[in-house]
Amino acid sequence: MKTEETVLEINLTALEKNVLYLKSRLKPTTLFLGVVKASSYGNNSVPIALHLQKKGLANYFAVAYTSEGKALREAGITLPILVLHPQPINFDDIVKYKLEPTLYSQRITKLFLEYAEKHHLVKYPVHLKCNTGLNRLGFDLNEIDEVLALLKNNTTVTVKTAYSHLAASEDMNEKEFTENQIKTFIAFQEKINKTFSHKVIYHQCNTSGILNYAHAQFDMVRCGIGMYGFANDAQLQQYLTPIMTLKSVISQIHTLQVGDSLGYNRGYIADHITKTATIPVGHADGINRIYGKGKGFVFINGKKAPIIGNVCMDMILVDVTNIPCEEGGEVIVFDKDHTAETLAESAGTISYELITSMAHRIKRVYIEE
Ligand SMILES: *Cc1c(COP(=O)(O)O)cnc(C)c1O
């Protein structure tokens, strides 16, 4: 699709294919939770979640914050929504929008149980976060008995799932650490199973967990980046297609003479006659200032144009000295072939950070093949 301004083109057919591929790596009975936090990693969570729900591709959704879950409910998402990282101040909205909180500390557990009692909740679904080595959120193995004692025979809530998160599932140098996380999670499961008479759903794998540790798929997996087309692995990348394309246009072309400078703080000084193109996408759009001064690039007529000078708020400046191009012509910042991963790597960051940084002001266009 030709564009006349900066747009994010999002391919829903590629999304479906990615999910089907990831599911093909799992047992048919394993449930699939689609992680749609952070605006579905920049793709906007409402259209992504609605599409997955309509096509029957997810059993569950997860968001990080309560406000993200509220937006999904208001847009008609009816599947269960797990909130990965709620705060006590969110309890009213959690219950009002039928969101399911993670209990990750003794503090939030006690506060939620008090809240549930006070509001006469009955078997309200909650999820237990088990810390197996990430040391970010979750109960330690040596405190879980105390927590389970609070929950056992408590009729205001019901523990629907228990989960843990892998620290380095994409890094095969950390295989031993990861296998230990899996073992620790199984130790949690034994304690949890002894506490409750109902079946608790267990889940530990993120995208790279699905791809590298399928034996730890348990009852469900939580998949984010893979749905959006990134495998975190050069070999496996061939099976997934990045769904997001960032396109823009050339607003203006300048020719710099030797000694001329370009952009703020004179970030580039021409040592040869330099043809530059000005592109309407800047650090306020998510192309932050770690790019520029030769780090990072865009593609014009299939050729790589390095970002030179400093990234501005609303524009970048690229070197097109050897690229035939004209004002109004198309620019690909990243797409399925020139991926966000490659661009991110050029500046020492990761696809996750680049795609989740895409500003709301950029128009999203959804396509189906
Ligand atoms: C973000 C997140 C995921 C998704 O991870 P991907 O690597 O994007 O698949 C899964 N679980 C938790 C707890 C998360 O925070």
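In this report a residue counts as buried when its relative accessible area is under 20%, as exposed when that area is over 50%, and as partly exposed in between. By that measure Met-313, with a relative accessible area of 47%, is partly exposed. The model described here is a predicted one.

## Overall picture

The protein chain holds 11 helices and 19 strands, and its C-alpha atoms fill a box of roughly 80 × 40 × 40 Å along the principal axes. Of its 369 residues, 55% count as buried. Among the contacts with a separation of 6 or more, 67% are made by residues 24 or more positions apart in the sequence.

## The annotated positions

The UniProt record, an unreviewed entry, gives the annotation "active site" to Lys-37 and Tyr-264. These two positions span 228 residues in sequence and their C-alpha atoms lie 34.8 Å apart, so they do not gather at one spot. From this set, Lys-37 belongs to the lining of the largest pocket.

Lys-37 has its place in helix α2 and, with a relative accessible area of 26%, is partly exposed. Leaving aside neighbours within four places in sequence, Lys-37 is in contact with Ala-62, Val-63, Ala-64, Glu-68 and Leu-84. Tyr-264, by contrast, lies in the loop between β12 (261-262) and β13 (268-269), and its relative accessible area of 53% makes it exposed. When residues up to four places away in sequence are not counted, Tyr-264 touches Asn-310 and Cys-312.

The annotation "binding site", again from the unreviewed UniProt entry, covers Arg-136 and Met-313. Here too the positions do not gather at one spot, because they span 178 residues in sequence and their C-alpha atoms are 33.1 Å apart. Of these residues, Arg-136 is included in the lining of the largest pocket.

Arg-136 sits in a loop between β6 and α7 and counts as exposed, at 55% relative accessibility. Met-313 is found in the loop between β16 (303-308) and β17 (316-319). Apart from residues up to four places away in sequence, Met-313 touches Gly-282, His-283, Ala-284, Asp-285 and Arg-361.

The accessibility of the annotated residues is set out below.

| Residue | Relative accessible area | Class |
|---|---|---|
| Lys-37 | 26% | partly exposed |
| Arg-136 | 55% | exposed |
| Tyr-264 | 53% | exposed |
| Met-313 | 47% | partly exposed |

## Strand β2 and its partners

Strand β2 (residues 31-35) is largely enclosed by the rest of the structure, because four of its five residues are buried. Strand β2 pairs with strand β9 (residues 220-223) in the parallel sense over four bridges, and within this pairing Gly-34 stands opposite Cys-223 of β9. Strand β2 is also joined by three bridges to strand β3 (residues 60-63), the two running parallel, and Tyr-60 in β3 is the bridge partner of Leu-33.

## Aromatic pairs and a charge over a ring

A pair of aromatic rings is described by the distance of the centres and the angle of the planes. A search of the whole structure finds 10 such aromatic pairs. In one of them, the rings of Tyr-41 and Tyr-352 have centres 6.1 Å apart and planes at 40 degrees, so the pair is tilted. This pair links distant parts of the chain, since Tyr-41 belongs to helix α2 (residues 37-42) and Tyr-352 to helix α11 (residues 351-356), 311 residues apart. Tyr-41 counts as buried at 6% relative accessibility, whereas Tyr-352 is partly exposed with a relative accessible area of 26%.

Another tilted pair is formed by Phe-112 and Tyr-124, whose ring centres are 6.0 Å apart and whose planes stand at 55 degrees. Phe-112 lies in helix α6 (residues 106-118) and Tyr-124 in strand β6 (residues 124-129), so the pair ties together parts that are 12 residues apart in sequence. Phe-112 is buried, with a relative accessible area of 0%, and Tyr-124 is buried as well, at 10%. Ring pairs link both of these residues with Phe-91 and Tyr-115 into a cluster.

Elsewhere, the charged end of Lys-304 sits over the ring of Phe-297, at 4.1 Å from the ring centre.

How values were computed
Residues numbered from 1 in each chain as written. Predicted model: local features only at pLDDT ≥ 70, side-chain atom pairs only at ≥ 80, totals over all residues. Heavy atoms only, no water. Phe/Tyr/Trp six-rings, centres within 6.5 Å; stacked < 30°, edge-to-face > 60°. Buried < 20%, exposed > 50% of the residue type's maximum accessible area, 1.4 Å probe, protein only. Lys NZ or Arg CZ within 6 Å of the ring centre and 35° of its normal. UniProt positions renumbered as here; feature names shortened; annotations may be inferred. 1 Å grid on protein atoms, 1.4 Å probe; cavity = no way out; pocket = protein on both sides within 12 Å on 5 of 7 lines; lining within 4 Å. Contact = heavy atoms within 4.5 Å. Pairing = 2+ DSSP bridges.
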